[in-house]
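Work through the exercises below with the model open beside you. Try each task before reading its solution.

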Amino acid sequence: MPNSTPMRTRFTIWRTLATAAVTALMAAFLVPTAAQAAPRESRPVYSYAHAIREAVWVDTGLDSDGDGKTDRVAADIVRPAEPARQGRKVPVIMDASPYYSCCGRGNESQKKTYDAHGRVVQMPLFYDNYFVPRGYAFVGVDLAGTNRSDGCVDVGGRSDIRSAKAVIDWLNGRARAYTTRTGTSTVKASWTNGRTGMIGKSWDGTIANGVAATGVKGLRTIVPISGISSWYDYYFAQGAPLYDGGPDELAGYVESGDAAAHCAAVHKKLADGSPRSGDWTSLWTERNYVRDAAKVRASVFLVHGMQDLNVRTKHFGQWWDALAEHGVKRRIWLSQTGHVDPFDYRRGAWVDTLHRWFDHELLGYDNGIDRAPMADIERHPDQWVTSEVWPPHGTRATTLRPAPGTTPGVGTLGPRPATGTETFTDDPKLSETDWAAHLTTPTPEKAGFLTAPLTRDLRLSGSSTVTVTATPTTSSAHLSAVLVDLGPDTIRDYADGGEGITTLTDRGCWGASTAGDSACFKNTKAKTIAVDDTVLSRGWADLGHYASPDHGVPLTPGKAYTITLSLAATDHVVPKGHRLALIVAGTDKDLIDPPSTKPALTLDLSRTTARIPLVGGAAAFARATSTSASAAPGTTVLDGVRAPRAGRHIPAS
């Protein structure tokens, strides 16, 4: 697994030059006397109540709706008034989103509101309330085809990405913007130094990933929260469909009324380019940001819930690995939650850390955050640990092999090669929760393999793979591979509606307020559940894609096929006394769609392996299992979280 790499020279140069320049500048304006030391933290010295609120429409250079005019995207701006009067320029924090009018942002689904002159009154979330008084501008961009922007939504494609990139170009003097949506009066961003940081959750974080992958100059950092790194992997897992809809439906969900009337051709292109076969097409290539990780100039502060079953954790794992390969400066937070913003599960620490991050990356302050541990990981609800690098030094992919046990369907998991077979029959009515509940007993819909109880803690950190050789009885088959921590624990209830949090009625305030834009948000607390088992990683595939991820084929019943499933990235400690388990099964109810048939599949255990990233590698596994006595399977039904919820998923608030 990739470990920490030195920061590229450009970051060192930027820190040196920026620190010198900012020290001289800020000493004159932001501290009482020039004799004081260089500032380490921006302070709320500017008026939020008297901040400048304005809107511009930036020309993207595209005509996605085919009306013969290039699209203009709306950018609503809140910026402190005082720096401009003093002739000083400010950096920008930007959130580009399709949700500002259709669905809202954050735990309280806030939308933009406007005054009679079309100036933004309420900007969702706390970013403007907190950072504008500290000398930043905040810019909320409506993606093309949404809210007050022209054009069409193309779900992570060229139009989506250009919506935000064009605004960064305008902030840096390379694009044209207008004072109105249809007028001819232009406006320049003379108030900014062009240094921009993008932030956002889900689709918004996805746009940050995609814009960074263009290498646009002026984008200094991104903070993608639960962001998509490749849109194919949002809809499919190695050919297995994850949802019963496609990007054309998602575009219709968020687009404005104007876009709905003019974007039928774009909808058709989205539908035609995303066949439900799960085959790779050029549409997916355009929306794969991982392939362009080498172009990323910005630093990356990545945040994800390890139980996110909407934007699943494969997205952060493959993006993180690609960024590491190309030496991108990066940091990561991993929580036990599902699809949840850190503002709603670790609020105080999040605001403080984000403040320090932007101060360092956009103002050049030497506040030490670049020397802090790379990773923060939630080990238990509200209990966090750090790692100097992530995955930790000494993490090695370790091969474990399933083997028959004393009871059919309940095997063992260890380093030694095995022989024999196990057979199960796909049952689309059951999910990973059902499989895990019956791990210690034979059931017809899954094959389970368990280590003996561990004598030491065992830490998994990174992405796993499971290679399966299976013989189906029908011409189509889907496969699931699931890693389980078998033992009692109290975890965040990620399968609950709040995905690991409970929203309270009292509020806490984070920044300055106005009558139309409060900085006070409902507080939250952890929603926990006591369990006997915890699913810690999972992956899926269509067996018909065994030969190529690009194209699936019908299977020949009775013929053996080998395929390697990519499992979601995680960081999890299996404690002493618990067991690590591998489940291989068919359809994972509500997490993948079933195939057209219900096959029985026979696993060839001699050609089935799991490659698991263990801290300490094979030696750590040997130490954790060397003195264990084999445990006979029990008959108890284990309690876990409730089954994954069915329903339409969108990468939203």
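## Exercise 1: Internal space

About 180 Å³ of space lies in the largest cavity. This is a predicted model: local features need pLDDT of at least 70, side-chain atom pairs count only at pLDDT 80 or more, and totals for chains, interfaces and linings use all residues. Residues are numbered from 1 along each chain as its sequence is written, and side-chain values use heavy atoms, with hydrogens and water left out.

**Task.** Find which residues lie nearest the centre of the largest cavity, and which elements give two or more residues to its lining.

**Solution.**
1. Set the rule. On a 1 Å grid over the protein atoms alone, a cavity is a set of points where a 1.4 Å probe fits but cannot get out; lining residues have an atom within 4 Å of a point.
2. Count. There are five cavities of 30 Å³ or more.
3. List the lining. The largest cavity has 19 lining residues; Gly106, Asn107, Leu125, Phe343 and Asp344 lie nearest its centre.
4. Assign elements. Strand 9 (192-201) and strand 25 (520-526) each give two or more residues to this lining. Strands (E, at least two residues) and helices (H or I, at least four) are DSSP runs, numbered from the N terminus.

## Exercise 2: Strand 13

**Task.** Describe the cover and the partners of strand 13 (residues 299-305).

**Solution.**
1. Check burial. Seven of its seven residues are buried (under 20% relative accessible area; exposed is over 50%, partly exposed in between, with a 1.4 Å probe and protein chains only).
2. Split the faces. Ser299, Phe301, Val303 and Gly305 are on one side; Val300, Leu302 and His304 are on the other.
3. Find the pairs (at least two DSSP bridges). Strand 10 (residues 219-225) pairs with strand 13 in the parallel sense over three bridges, and Ile222 stands opposite Val300. Strand 14 (residues 330-335) also runs parallel to strand 13, joined by six bridges. Here Val303 stands opposite Trp333.
4. Trace the link. From strand 13 the chain passes through helix 11 (residues 314-325) to strand 14, a right-handed β-α-β crossover (clockwise from first strand over helix to second, with the strands pointing away from the viewer).

## Exercise 3: Two residues

**Task.** Is Ser163 buried or exposed, and what does Lys522 touch?

**Solution.**
1. Ser163 is in helix 4 (residues 158-171). Its relative accessibility is 0%, so Ser163 counts as buried.
2. Beyond four places in sequence, Ser163 is in contact (heavy atoms within 4.5 Å) with Thr60, Val73, Val141, Leu143 and Ala144.
3. Lys522 is in strand 25. Lys522 counts as partly exposed because its relative accessibility is 31%.
4. With residues up to four places away left out, Lys522 touches Glu108, Arg347, Thr503, Leu504, Asp506 and Arg507.

Methods:
1 Å grid on protein atoms, 1.4 Å probe; cavity = no way out; pocket = protein on both sides within 12 Å on 5 of 7 lines; lining within 4 Å. Points joined across faces, edges and corners; volume = space filled by probe spheres on them.
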